[in-house]
Number of protein chains: 2
Amino acid sequence: MPSTNLTFTDRDAHRAWLASQAALPAGFRVGCTRFEFMPKEAPKPAKMTLTMIALSEPTTAFAAMFTRNAFPGAPVLIGRKRLAEPALGAIIINNKISNVCAPGGVEASERICAAAGAALGFAPKQVLPSSTGVIGWTLPVDAMVAAVPQATAALTSESILPAAEGIVTTDLYPKIRRATVGAGSIVGIAKGAGMIEPNMATMLVYLLTDIAVPRSELRQMLARAVDASFNAISVDSDTSTSDTVVALSSSQVPFGDWGLFERGLHQVCRDLAEDVVRNGEGVRHVIRVTVKNAASLGLARALGKAVVNGPLFKCAVAGNDPNVGRLIQAIGKHVGVHAPGTNVSKLTARMGGIEIFANGVFQLDPTKETALVAHLKGAELYQSKPTADAIFSAPIDFPPHERAVELEIDIGNGAASAAVIGGDLTHEYVSENADYRS
Amino acid sequence: MPSTNLTFTDRDAHRAWLASQAALPAGFRVGCTRFEFMPKEAPKPAKMTLTMIALSEPTTAFAAMFTRNAFPGAPVLIGRKRLAEPALGAIIINNKISNVCAPGGVEASERICAAAGAALGFAPKQVLPSSTGVIGWTLPVDAMVAAVPQATAALTSESILPAAEGIVTTDLYPKIRRATVGAGSIVGIAKGAGMIEPNMATMLVYLLTDIAVPRSELRQMLARAVDASFNAISVDSDTSTSDTVVALSSSQVPFGDWGLFERGLHQVCRDLAEDVVRNGEGVRHVIRVTVKNAASLGLARALGKAVVNGPLFKCAVAGNDPNVGRLIQAIGKHVGVHAPGTNVSKLTARMGGIEIFANGVFQLDPTKETALVAHLKGAELYQSKPTADAIFSAPIDFPPHERAVELEIDIGNGAASAAVIGGDLTHEYVSENADYRS
């Protein structure tokens with residue numbers, strides 16, 4: 001469940017709320033610049049935003065986690081090396097091109113780090129690069145280096161909102177979450193929206209705090225928080241080559257209650273993870289699956305993912321169709337192959353709190369059916385309306401509510417539990433990914 | 001590759017070809033009847049086809065394989081028991097309702113077997129039941145029992161076409177494949193079209209032969225043939241609760257060359273498996289992935305499935321977009337998680353015979369791009385045309401050709417190979433599964 005229960009009637013109301021969450025922790029500045037360039041691989045100009053996150057001075061307290069994809073982008077290769085550096089002072093982020101498996105990719109990212117470092121007075125190795133966008137294209141390094149001074153000139157210590165806006169691609173709106181911890185805070189931003197099954201997802205997440213946390217504690221806490229949040233979501237089961245979560249501490253606010261800090265970090269990560277799904281490509285319904293009484297945490301998590309990744313069930317949810325047959329099929333598919341010894345006779349399933357399956361048979365009647373349809377419609381984020389030429393796109397640029405389709409699967413065969421969050425499968429997803437050439 | 005290279009200009013031409021393939025092996029008859037009934041769980045009448053496949057006398061030479069889903073339908077539960085019976089004389093098949101996790105499901109199927117057996121002069125346990133359709137609904141047993149005499153009266157030894165037509169649900173056309181073996185033949189029919197990732201898929205397949213093959217040899221050969229055909233396809237990664245492949249021999253034609261028989265059986269299974277994908281729900285492009293030089297057969301097969309099940313790549317193919325970045329992402333996602341030690345530096349990838357990736361970087365240029373688009377368009381089965389209210393459905397009721405999007409992934413790190421066949425992800429798939437209430 002999100003830590004909030006927000007509703008917004010329009011973009012302005014959502015932006016006003018974002019602004020109320022956006023105060024930067026002490027010791028950070030962010031700045032962006034947007035420019036046009038000519039991609040080597042395409043016949044027409046494209047636009048890129050360069051976003052800088054800068055500490056007032058390099059910090060030893062930084063942590064980062066990256067995609068498990070076997071073809072990581074050059075920024076991920078560099079990022080892994082940066083973890084061994086004594087300190088980090090800035091992050092330089094571009095959208096539009098992900099710099100994955102492109103010739104000379106590592107050299108390109110290093111040149112941009114050097115330019116950003118020079119503008120800030122930091123060493124090149126004190127700058128972490130991040131890129132998201134088209135896979136395989138080459139970065140326009142000269143244009144990016146030329147844009148660094150504008151990004152630097154735009155740096156502000158007021159609000160993280162420019163960075164939250166600068167890093168997006170197909171996202172419908174920026175995502176900011178915060179937690180107050182003692183006299184300090186943790187503020188995070190995230191970029192979704194497709195290739196989202198983290199381990200991690202093209203998902204870029206930056207978590208900034210002024211609370212003084214030693215490096216090793218920060219890294220351990222980040223690993224646990226990512227595991228329980230970004231690694232428990234899936235929009236489309238695809239794992240990006242660029243997934244990155246970074247946590248930086250400016251160490252300006254002394255604090256010793258790590259338990260409280262970690263709870264704040266988890267809350268920010270969980271809220272951002274859910275925001276990423278809610279704003280996933282084509283997502284009209286967020287689906288939350290809680291698996292209970294499983295033999296292991298691994299089975300609980302994997303079964304939850306199998307349900308939110310089952311195309312037939314996802315389509316049924318998109319159509320507000322409580323097709324519980326497809327749900328049981330998806331459960332049975334996973335258990336049959338991955339946990340074949342499981343006694344499924346005690347398995348019960350609920351949707352929206354309503355029992356739909358128990359004792360090996362469906363528990364349905366017309367009254368329940370009506371209630372299930374109402375539950376699905378209540379969780380819908382927007383109604384689907386194609387254009388005249390049958391192109392579908394989300395008609396909203398704000399999250400109207402934080403409700404989800406709530407599924408509970410009690411295996412009755414163990415003690416482990418997990419919650420997994422995913423989305424439905426819609427015409428909007430297909431239009432986003434098939435009807436436009438990238 | 002299919003054993004044929006067929007093209008059809010219209011339904012009539014396809015039907016004429018099907019008729020040319022449809023002669024029943026000696027010792028078999030098939031018959032169907034279609035009737036209306038009132039489902040318990042729905043407010044309006046529905047139609048069901050009851051299909052009977054009957055031997056002139058029960059045979060000891062029968063084999064069957066069933067879904068691995070942990071919630072198998074009642075017919076699957078009964079079918080597994082039938083394998084221990086001394087002989088089988090008939091199969092009774094219904095569409096519309098799959099009889100999965102419905103109260104009293106096993107008793108319902110047994111009653112229908114008893115009625116079919118009585119009509120044919122066989123014991124109830126000499127009849128195998130099969131059901132496909134909505135999950136969770138209860139069979140209209142009385143109406144089905146009442147329809148058995150009409151199905152029996154319709155029995156013909158001329159052609160398998162009535163059965164190929166009787167077993168379908170959302171399939172666009174019937175599927176028949178045959179092989180001549182010595183003085184006999186193997187003739188198979190298949191029902192697709194959704195929930196298709198066999199292990200097995202809702203996929204019902206019946207393979208009839210007059211060649212005398214002992215039970216144990218038939219069972220071993222069927223297991224190998226299914227593994228190389230139906231278990232190497234995936235339309236949507238969903239595994240049905242009803243998947244069934246049955247092989248029956250009337251044992252009327254003596255023959256001793258098991259190698260030749262097995263090659264014929266493999267050919268029929270491979271051709272039917274590819275037909276099932278080609279006629280999969282919403283499939284506009286068949287995608288064939290050949291993985292070479294993998295460390296194990298398991299990795300080769302799983303990597304092929306990961307590619308044909310990657311939603312972003314599937315959408316790109318639907319849009320005739322040679323988005324090789326998404327292909328490499330899908331490969332990297334699988335290898336990174338399931339074979340993390342793999343040295344991917346030697347991996348090469350080809351689409352339509354054109355090298356697109358080698359030495360860790362993309363191998364692309366505008367000429368290749370044009371050729372890749374042409375390859376994708378050449379494999380398209382039909383053009384997408386929505387109705388005025390933006391509902392998408394396939395505008396064909398025949399397979400226009402047998403071409404596929406051909407992908408070759410050479411891992412360069414082992415000696416195992418596998419071919420996997422899947423489909424793209426289209427608006428037609430979403431319309432089929434989200435826009436209509438089942």
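1. A register point comes first: in strand E2 of chain A, the residue that bridges to Arg29(A) is Ala54(A). The pair belongs to a set of 10 bridges that join E1(A) to strand E2 (residues 46-59) of chain A, the two strands running antiparallel. Please keep in mind throughout that this is a predicted model.

2. The sheet around that pair is open and has four strands, which follow one another in the order E1-E2-E4-E5 in chain A, with mixed pairing. Its edges are strand E1 (28-37) and strand E5 (127-131) of chain A, each of which pairs on one side only. When direction is ignored, neighbouring strands of this sheet are turned by 15° against each other on average.

3. Two helices of chain A should be described together with this sheet. Helix H2 (residues 74-82) of chain A packs on the sheet and touches strand E4 (88-94) and E5 of chain A, its direction making about 155° with that of E5(A). Helix H4 (residues 141-153) of chain A, for its part, lies across E1, E2 and E4 of chain A and runs at about 140° to E1(A).

4. Strand E10 (residues 244-253) of chain A deserves its own paragraph, being mostly covered, with eight of its 10 residues buried. Strand E3 (residues 62-66) of chain A pairs with E10(A) in the antiparallel sense over five bridges, and within E10(A) the residue opposite Met65(A) is Val245(A). Strand E8 (residues 204-211) of chain A pairs with E10(A) in the parallel sense, over seven bridges, and here Tyr206(A) stands opposite Val246(A) of E10(A).

5. Is Leu376(A) buried or exposed? This residue, which lies in helix H11 (residues 366-379) of chain A, counts as buried because it has 22 C-beta neighbours inside 10 Å, the threshold for that class being 20 or more. Once neighbours within four places in sequence are left aside, Leu376(A) is in contact with His285(A), Val317(A), Asn320(A), Pro322(A) and Val405(A). Leu376(A) and Ala404(A), although 28 residues apart in sequence, are 8.3 Å apart in space, taken from C-alpha to C-alpha.

6. As to the arrangement of the two chains, chain A is superposed on chain B by a rotation of 180° with 0.0 Å of shift along its axis, at an RMSD of 0.0 Å. This is therefore the relation of a two-fold axis. The same surface serves both copies, since 100% of the contact residues of chain A recur in chain B.

7. The contact between the chains takes 56 residues from chain A and 57 residues from chain B. On the side of chain A that touches chain B, the elements giving two or more residues are helix H9 (311-318), helix H10 (324-338), strand E14 (361-362) and helix H12 (427-435) of chain A. H10(A) gives the most to this side, with 10 residues. By residue class, the side of chain A that touches chain B divides into 28 nonpolar, 21 polar and seven charged residues.

8. On confidence, the model scores ipTM 0.89 and pTM 0.92, while chain A averages a pLDDT of 92, with 96% of the residues scoring at least 70. One stretch calls for a remark: over residues 197-201 of chain A the pLDDT is below 50, and in the model this stretch has 28 contacts beyond near neighbours in sequence.

Technical notes:
Residues are numbered from 1 along each chain as its sequence is written. Chains are lettered from A and ligands numbered from 1 in the order in which they are written. This is a predicted model: local features need pLDDT of at least 70, side-chain atom pairs count only at pLDDT 80 or more; totals for chains, interfaces and linings use all residues. Two strands pair if DSSP finds at least two bridges between them. Axes are lines fitted to C-alpha atoms, for helices over the stretch in contact, and angles run from 0 to 180 degrees between N-to-C directions. Two residues are in contact if their C-beta atoms, placed from the backbone, lie within 7 Å. Copies are superposed by least squares on the C-alpha atoms of residues with pLDDT of at least 70 in both. Ala, Val, Leu, Ile, Met, Phe, Trp, Tyr, Cys and Pro count as nonpolar, Asp, Glu, Lys and Arg as charged, and the others, Gly among them, as polar. pLDDT is the predictor's confidence in each residue, from 0 to 100. A residue is buried if 20 or more other C-beta atoms lie within 10 Å of its own, exposed if 12 or fewer, and partly exposed in between; C-beta atoms are placed from the backbone.
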